Amino acid sequence: MAVVTESPAPARAAPAPPARRSRRVNRPSSWYLLPAMAFFGLFAAFPLVLVLYLSFTDWTGIGTPAFIGVDNWVRLFENDAIWDVTWTTLLLTMLFWVTQTPLSILLGVWAAGPQRNRAVLSALFFLPLLLSTAAIALLFNRLFDPYVGIGRGLEPFRNILGTSSGAITAIVIMVGWQFIPFHTLLYQAAARNIPQVLYDAATVDGAGRWHMFWYVTLPQLRNTIITSSTIMIVGSLTYFETIFLLTSGGPGTATRTLPLEMYFRSFRSYEFGYASTIASVLVIVATAVSLVIVKFSGFAKMRSTMEGL
Amino acid sequence: MVPQRLPRRSFLGLVGAGVGATFLGTSACGTDATGGGDGGGTFQVWVLQEESQQDAHNGALERFNKNSDVKARLVATSNDGYTDKLHVSMGSSNKPDVFYNWGGGSIRTYARDGLLVDLSPHFEKDPAWQDQFLPSVLDAGMIDGKYYGIPARGMQPIILFYNKAVFADLKVEPPKTWTELLTVVDRAKSSGIIPFALAGGDAWTELVWPEYLVDRIGGAGVFEKIAAGEKGAWGDPAVRKSIDMIRDLVDRGGFGDSFASVKWDGAGASTLIAQGQAAMHLMGSWEYTNQVNDQPEYAKNDQGFIAFPTVEGGVGDPKAIVGNPTNYFSVSKDSKHVDAAIEFLKQEMASDAYVKQWLEAGDVPATTGLEDKMDQAADPAFAKVVFDMVEQAPSFQLSWDQAIEREKAQPMLDALSKVFLGELDAAGFVKANEDAA
């Protein structure tokens, strides 16, 4: 998974002279990595290897896993249903990104303004971040009930969880409600770090508000957009609890994603070997996606957007 | 934001929260809060966390603990996370000593792996114990010809509940045949009332329909072949016909047009019928217990209950029933207190006090000699209907999702919910089940 520990360069009163900057950045000794590596190894790498091993076994979750070679993998790729599930996962991931990113940028840039009313409103707006995901899902589940919920008598919302497109919409709405505040927070912080001089210069050049947003703010948010998108996309691929609690993958199998399929195969069907195969595929896909994002965004070789200021 | 950045940790966290969401066998730590059965001479009794059931369970434990050196301790878990938690702990060294289950598929894996105490020898030694329970209910809990469970609560046949007030308004009688049922459906619909309440957000609530229809049309043998895994058993004409009938019922508006959004949790369907927005509800006897708890007015005055209607031309016995014979208590072989656990079940599961508590809660326990105790029930008329239903039934089919092999249950439920949504026809349903085999 991509490392997303981008810290905005501190605002400096007077930038150090460029000549004094060494090309090689001084890093702390690698021993500093040890605690992190130990945790990563114990709670991420080791279980990952176990899951990969389990994907070659037949196991009910009880007793000893029986090694069966590549049977699970063959079964996975020969199974038509898994492609539907994969498609649903990708579709939801795409919809999450398309809806959450523009809204988060707009809200974040808006919330970055110094006005007091904006500060008050953003504080309210960040409230969903404080709620537990399970609580949110159960809340929305009641809210979308056709007979007691808000949708009672309100046509497009009444049976929203009962149709394929409706259930997908409901999930996009709920996940957006839950996570847009977080991404807004990222953009707010980033927007506040854009130096005022850039806007001053743009004003001198005769730029309007729209031009300033398009030619100053957006390019300056580039790193944040990549960070936020990576978190969003990789997170969406492995998203489980809210979908499980809101729709259980239904109606039918319309909102069943790969993580849900994995859960049903393991804890409903007791096919832990096959479920591990699905888990392995998820790990591979999520890693590949985040690598692709990092590669094509040039994130790895990127320096601060402050460079040259 | 933990869930998005650290998916694995959120999975582990969920197990701890009882939602159960990990694919890792190594995560059994999620359940260690309840510890093993050792130390201080106590053993654990795992039950569901449901208010309507706690009185009976607590009473049984108190009575047992009064005279026993080894004490029983109740561990209650919510319905949603219970089976996940149970499965993880059965694979670990922290197994529960005594645990609540549904018989059939819910314990088949454990029984076959030799994790459960076979109760058959105990019955042979003490036939009087066995005679305290209705044979059909005991037998329904058998796995591979052996007894692993003692009936723990009431019998749960699927019953056709109807709202008497709504029926009076519609000027219809409770349906005795499928044709009459369709007449009631059409009449209700034209009066703006949902004919059948259905929590279609959970596929198991829909399973009661093919269970009864296949039995009425083709008899008990059709599903016995399916459960036994016989090739081509799903293709039986009775299965196809019942799926066609279900699709017809859905198309007629038999369940309203938004049943797929209604979840079982939250009592959406039960509220609909109690408030008179729906006319009928095909559901297990636990529906009655829930209504006594949640809508006592309705339960007392307007709740009607009859057997599932016959289907014209069907060869099945009209007295046959389906559902969950009951819930059972099973004992782990690993338990340090197997003897005490069995003693507990022997002393309490058919005790007068325990039976009385269930009857008051609206359940009808699966014990013999209940006729004399009927007047203790919350509603003696209901208790009598359930008792007679079970006693006279030539067969009591265990719910399909428990009766068939575990890995085939989920595909079956998926296919059935697609039938109700109009996405699959009879041929598609049969094929989906055959593919899963």
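This report describes the interface between chain A and chain B and the nonpolar cores of a predicted model.

## Extent of the interface

The contact between the two chains involves 53 residues of chain A and 46 residues of chain B. Interface size is often expressed as the accessible area lost when the parts come together. For chain A and chain B, the buried area is about 4,500 Å², and carbon and sulfur atoms give 61% of that area.

## Polar and charged interactions

Two salt bridges are counted between chain A and chain B. A salt bridge joins R158(A) to D257(B), with 3.0 Å between the closest N and O atoms. In addition, 14 residue pairs are in polar contact between the chains, with both residues at pLDDT 80 or more.

On the chain A side, the elements that give two or more residues to the surface touching chain B are α1 (34–54), α5 (133–143), α7 (164–192), α10 (222–237), α11 (241–246), α12 (258–268) and α13 (272–297). The composition of this side of chain A is 30 nonpolar, 17 polar and six charged residues.

## Nonpolar cores

In soluble globular proteins, nonpolar side chains tend to be buried together. The largest nonpolar core in this model comprises 99 residues. Those with the most contacts inside this core are M155(B), W178(B), W209(B), V239(B), F255(B), M280(B) and F420(B).

With residues up to four places away in sequence not counted, F420(B) touches L198(B), E206(B), W209(B), I246(B), V250(B), F255(B) and F259(B). A second, separate core has 79 residues, including L54(A) and V175(A) from chain A together with A111(B) and L116(B) from chain B.

Methods. Residues numbered from 1 in each chain as written. Chains lettered and ligands numbered in written order. Predicted model: local features only at pLDDT ≥ 70, side-chain atom pairs only at ≥ 80, totals over all residues. Heavy atoms only, no water. Contact = heavy atoms within 4.5 Å. Buried area = accessible area lost by both parts, 1.4 Å probe. Salt bridge = Lys/Arg side-chain N within 4 Å of Asp/Glu carboxyl O. Polar contact = N/O pair within 3.5 Å; in protein donor to acceptor, adjacent residues only side chain to side chain. Helix = DSSP H or I, 4+ residues; strand = E, 2+ residues; numbered from the N terminus. Nonpolar A, V, L, I, M, F, W, Y, C, P; charged D, E, K, R; others polar. Core = buried A, V, L, I, M, F, W, Y, C linked by side-chain atoms within 4.5 Å. Buried < 20%, exposed > 50% of the residue type's maximum accessible area, 1.4 Å probe, protein only.
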